[in-house]
Amino acid sequence: MKKLLGVCFFLMIQFVWSQSSDIVRIEYTTLPKKKSSRSISRFRFLANLPIKLNDKNYIIAGAEYGIIDFANDSIYEFDDNELEKLRIVDLNLGYAHMLNDKWTFVGLLTPRLASNFIDGVQKEDFNLNYSVLTIKADMKKEKPTRLILGLSYNNATGFDVPLPIISYYKKFHPNWSYMIGVPRMEFKYHLKQHHTFKTALLLDGYFVNVQNDIALPDNDLGSGLSLSVVVGAFGYQYNINKNISFYALAGHTLSQRGLLRDEERKSVYSLYDDGNVYFKTGFKIGIF
């Protein structure tokens, strides 16, 4: 059962990872070094440009670039130098149609390259992901609400069917709001206009191809690397206005799994599975 839950969590991470309502995001995340694991740092740069066709239709074009750095002090029983720097490159191509004053349809196609890129670009580095969703937003009423329902397909999950996306937001008091769903749940306290405090439960992670398969004990080969974490955190957000903000989160991983996987996505080596502190900070310009 524990193994099944771990696999399900990894699959959940993969299909929600690329979902974002941000126009611009610059973000830094770190999990510090421990005796049983390397330190991990991730830099993430994202930009999406909505292009208005008419009053009801938009084209969305954008890109995301992520750099994942591991500390270079090896603690494993194999040569892991080729895992020190990993990169993820996404292109976002989307279409949005306003069905009426409350409902909007969005379709998103995301070609992705994710690898250590030791020998340039290989076909195993490439995945094609897509999402379709509907958004019902009623943000002008006394208690604003937003509902997101959809489906997302990600090649890295190993599933041949799309998986569901669900998120619900409500501001039930001038100073309080909550959001439930995947990959994030939040409970917020809004102090005046510019200051927001929050508690959050969120999912984080990635999957990348490993070129030049890594030889492991027991004659296994590591062809891919995945990280999946569940994080409980407290955060602060400084809002320049309702769409632009700086933010910071500090918490601890409630579940953490770093795995090397073979060509069939099966786990062949555990890099780390113990909890760790978690820090994230950044700047964003968002739709919501």
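These are my notebook entries on a predicted protein model, from the overall fold down to a few single residues.

**Entry 1: overall picture**

I started with the secondary structure and found 1 helix and 15 strands. Of the 288 residues in the protein, 44% are buried. I then looked at contacts between residues at least 6 apart in sequence, and 56% of these join residues at least 24 apart. For the surface, I noted about 14,800 Å² exposed, with carbon and sulfur atoms supplying 62% of that.

**Entry 2: the second largest pocket**

Next I went to the second largest pocket, which holds about 260 Å³ of space. Its lining has 16 residues, and Glu-124, Asn-209, Ser-223, Glu-263 and Arg-265 are the ones closest to the centre.

Which strand gives the most to this lining? I got β11, with 7 residues. Strand β11 spans 195-215, and both β11 and β6 (126-138) put at least two residues each into the lining of the second largest pocket. I also sorted the lining of this pocket by residue type and got 5 nonpolar, 6 polar and 5 charged.

**Entry 3: cavities**

I then turned to the closed spaces. There are 3 cavities of 30 Å³ or more in the structure, and the largest cavity has about 70 Å³ of space. Two or more residues of its lining come from each of β1 (22-31), β2, β11 and β12.

I wrote down the lining of the largest cavity by stretch of sequence. One part is Thr-29, Leu-31, Ile-40, Ser-41 and Arg-42. Another is Asp-204, Gly-205 and Tyr-206, and the remaining names are Leu-227, Val-229 and Tyr-278. By type, the lining of the largest cavity splits into 6 nonpolar, 3 polar and 2 charged residues. I note that β11 turns up here and also in the lining of the second largest pocket.

**Entry 4: Ser-41**

Ser-41 was on the cavity list, so to speak, and I gave this residue its own look. Ser-41 sits in strand β2, residues 40-52. Is Ser-41 buried or exposed? Its relative accessibility is 15%, and because the cut-off for buried is under 20%, Ser-41 counts as buried.

What does the side chain of Ser-41 make a polar contact with? The partner is the side chain of Tyr-28, at 3.3 Å. Leaving out residues up to four places away in sequence, I found Ser-41 touching Tyr-28, Thr-29 and Thr-30, along with Ile-67, Ile-68 and Asp-69. Of these, Thr-29 is also on the lining list of the largest cavity.

**Entry 5: two positive phi values**

Last, I checked backbone angles. Most residues other than glycine have a negative phi. Two loop residues caught my eye on that account.

Lys-192 has phi near 60°, a positive value in a residue other than glycine. Lys-192 lies in the loop between β10 (184-191) and β11. Its relative accessible area is 73%, and since exposed means over 50%, Lys-192 is exposed.

Asn-219 has phi near 65°, again positive and again in a residue other than glycine. Where is Asn-219? I placed Asn-219 in the loop between β11 and β12 (221-239). With a relative accessible area of 76%, Asn-219 is exposed as well.

Key
Residues are numbered from 1 along each chain as its sequence is written. This is a predicted model: local features need pLDDT of at least 70, side-chain atom pairs count only at pLDDT 80 or more; totals for chains, interfaces and linings use all residues. Side-chain values use heavy atoms; hydrogens and water are left out. On a 1 Å grid over the protein atoms alone, a cavity is a set of points where a 1.4 Å probe fits but cannot get out, and a pocket is an open set with protein on both sides within 12 Å along at least five of seven lines; lining residues have an atom within 4 Å of a point. Grid points are joined across faces, edges and corners, and a volume is the space filled by probe spheres set on the points. Helices (H or I, at least four residues) and strands (E, at least two) are DSSP runs, numbered from the N terminus. Ala, Val, Leu, Ile, Met, Phe, Trp, Tyr, Cys and Pro count as nonpolar, Asp, Glu, Lys and Arg as charged, and the others, Gly among them, as polar. Buried means under 20% relative accessible area, exposed over 50%, partly exposed in between (1.4 Å probe, protein chains only). Contact means heavy atoms within 4.5 Å. Accessible areas come from the Shrake-Rupley method with a 1.4 Å probe; for residues, only the protein chains shown count as cover. A polar contact is a pair of N or O atoms within 3.5 Å; within protein, one must be able to donate a hydrogen and the other to accept it, and residues adjacent in sequence count only if both atoms are side-chain atoms.
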